[in-house]
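Thanks for making time. I would like to go through one model, strand by strand and helix by helix, and then stop at a few backbone details.

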Amino acid sequence: MKTITIDGRSIPFEEGQTIMDAALAADVYIPHLCHNPEFTPHGSCKLCNVKVNGRTCSACTMLAAEGQDVINNSKELNDARRAITQMLFVEGNHICPGCEKSGNCQLQALGYHFNMLDAHFPYFYPRREVDASHPDVLLDRDRCILCELCVRASRDVDHKNVFDIAGRGINAHLIVNSATGKLADSVLEVDDKAVEVCPVGAILVKHHGYEVPIGQRLYDHHDIAEISLMTEGGGSDE
Amino acid sequence: MSEKLRIATTSLAGCFGCHMSLLDIDERLLELVEVAEFDRSPLTDIKHCGPCDIGLIEGGVCNAENVHVLREFRQNCKTLVAMGACAINGGIPALRNSIDLRECLTEAYIDGIGVQNPQIPNDPELPLLLDKVHPIQEVVSVDYFLPGCPPSADTIWKFLTDLIAGREPSLPPELVHYD
Ligand code: SF4
Ligand code: SF4
């Protein structure tokens with residue numbers, strides 16, 4: 001069996017697996033946000049940055065290879081990951097007390113994971129468009145972190161190509177594939193994978209807000225590492 | 001016995017929820033007043049802050065008066081604490097930040113549903129609104145952040161007892177929440 005080491009521990013891998021795949025299969029948590037094992041890796045959020053033989057790489061896109069010595073859970077990497085999380089917070093409008101995703105949100109859970117107490121950087125308070133046109137689905141771009149999970153899900157699973165990212169750098173934003181650019185005029189349906197997959201509160205199903213009381217939500221008492229390994233790790237059904 | 005610590009508190013652009021949470025430490029308040037007394041605070045009605053050890057700021061900065069109060073606290077408090085979501089990132093009041101101020105006021109006081117005698121309040125006694133709601137660390141330097149909307153009584157208690165005992169305050173994961 002071929003192996004790599006992660007934080008000194010020997011981890012087996014199969015040809016074609018990424019470092020992330022091998023880690024998850026061995027129940028080793030590498031923080032991630034734009035990555036979801038059900039979809040092709042995207043490598044954009046950079047939270048899964050690890051050091052591979054001294055060089056920084058994204059664990060979700062880097063193929064595992066014999067002889068790799070991977071550092072994952074170090075202070076240096078976690079400090080950088082916290083800073084990335086803080087940048088994601090200031091770049092959008094994340095007012096958690098008023099967000100339906102609160103308690104079930106992966107961005108927020110990563111803030112907790114890294115013991116982020118403030119956002120450190122100045123807030124941008126950008127003006128972003130909310131699209132409430134669809135009868136069953138709300139798109140609030142204030143909270144979109146441009147992870148492209150909805151883009152991938154709509155393209156690869158729903159085969160509808162409803163979403164894409166337009167613009168560059170700070171002007172990048174989520175667009176909707178319809179004549180008007182509005183969700184109501186797209187072919188999106190509430191049961192689409194693209195709706196379910198959003199890790200934050202940018203795509204929300206209407207008529208179902210705040211159903212789980214505070215204290216019983218996904219991340220109220222469980223760290224995102226625990227939940228990730230339970231649902232995406234080697235012992236999970238997937 | 002050594003002199004008691006002095007604590008000042010204020011609510012800027014907040015809802016007083018954080019102060020309610022402070023009162024929510026319940027009988028532990030008695031323990032607190034054994035070692036500390038309150039200076040300027042809605043609890044004492046003292047109007048200006050004297051030299052203090054700890055200043056707890058609830059709410060962000062939304063008007064000119066908030067700026068004055070916040071600066072007074074910074075000048076007088078050895079340790080200044082951003083208590084709650086609004087002090088840290090503007091919170092719910094900062095929802096107006098991506099909307100033009102005039103548009104906001106027009107909607108609230110002129111065009112809003114059910115508005116009678118429409119006019120934008122303009123009494124000279126009213127502090128002038130700022131264009132945006134600011135987290136307090138954009139105006140003064142802040143020593144500690146206590147997230148939560150509000151931070152729970154246990155969070156406030158853990159923080160204060162750490163600080164009063166001379167320990168570096170640290171919040172275990174179950175006490176860190178943004179809502
Ligand atoms: S999407 Fe997540 S981080 Fe953003 S406001 Fe909602 S709960 Fe908070
Ligand atoms: S809407 Fe959600 S899933 Fe789509 S890019 Fe934004 S954050 Fe990612």
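In chain A, strand β7, residues 137-140, runs antiparallel to β10(A), and three bridges join the two. One residue pair to look at is A:L139, whose bridge partner in β10(A) is A:I203. Bear in mind throughout that this is a predicted model.

Those two strands belong to an open sheet of three, in the order β6-β7-β10 of chain A, with antiparallel pairing. The edges are β6, 130-131, and β10, 203-205, of chain A; each has a single partner strand, so one side of each has no neighbour in the sheet.

Residue A:I203 comes up again at ligand 2, since A:I203 is among the residues around that ligand. The others are A:C144, A:I145, A:L146, A:C147, A:E148, A:C150, A:L174, A:C198, A:P199, A:V200 and A:A202. What is the make-up of this shell by class? There are 11 nonpolar residues, no polar ones and one charged residue around ligand 2.

Now to the start of chain A. Strand β1, residues 2-6, and strand β2, residues 9-13, run antiparallel and are joined by five bridges. A:I6 has A:R9 as its bridge partner in β2(A). Together β1(A) and β2(A) make a hairpin with two residues between them, and A:D7 in the turn has a positive phi of about 50°.

A second positive phi in chain A is at A:K46, about 70°, although A:K46 is not a glycine. That residue sits in the loop between α1, 19-25, and β3, 49-52, of chain A. For background, most residues other than glycine have a negative phi.

Next, a helix pair in chain A. Helix α2, residues 75-91, and helix α3, residues 106-113, have axes that come within 10 Å and cross at roughly 135°. The two helices, α2(A) and α3(A), are therefore oblique to each other. Which hand does the crossing of α2(A) and α3(A) have? The crossing is left-handed. From α2(A), the residues A:T85, A:L88 and A:F89 meet A:L107, A:Q108, A:L110 and A:G111 of α3(A). By class, this contact of α2(A) with α3(A) has four nonpolar, three polar and no charged residues.

Over to chain B. Here there is an open sheet of five strands, ordered β2-β1-β3-β5-β7, with parallel pairing. Which strands stand at the edges? They are β2, 36-38, and β7, 144-146, of chain B; each of them has a single partner strand, so one side of each is left without a neighbour in the sheet. From one strand to the next, the twist averages 25°.

At the β7(B) edge, the pairing with strand β5 of chain B, residues 77-83, is parallel and covers three bridges. Within that pairing, B:V81 has B:Y144 in β7(B) as its bridge partner.

Two helices on this sheet deserve a mention. Helix α2 of chain B, residues 28-35, packs on the sheet and touches β1, 5-11, and β2 of chain B; the direction of the helix makes about 100° with that of β2(B). Helix α3 of chain B, residues 64-76, lies across β1, β3, 52-58, and β5 of chain B, and runs at about 135° to β5(B).

One last backbone detail. Where is B:P150? B:P150 is in the loop between β7 and α6, 153-164, of chain B. The peptide bond from B:C149 to B:P150 is cis, with omega near -5°, whereas most peptide bonds are trans.

Technical notes
Residues numbered from 1 in each chain as written. Chains lettered and ligands numbered in written order. Predicted model: local features only at pLDDT ≥ 70, side-chain atom pairs only at ≥ 80, totals over all residues. Heavy atoms only, no water. Pairing = 2+ DSSP bridges. Helix = DSSP H or I, 4+ residues; strand = E, 2+ residues; numbered from the N terminus. Near = heavy atom within 4 Å. Nonpolar A, V, L, I, M, F, W, Y, C, P; charged D, E, K, R; others polar. Axes fitted to C-alpha atoms, helices over the stretch in contact; angles between N-to-C directions. Parallel < 35°, antiparallel > 145°, perpendicular 65-115°, else oblique. Left-handed = near helix turned anticlockwise from the far one by under 90°. Contact = heavy atoms within 4.5 Å.
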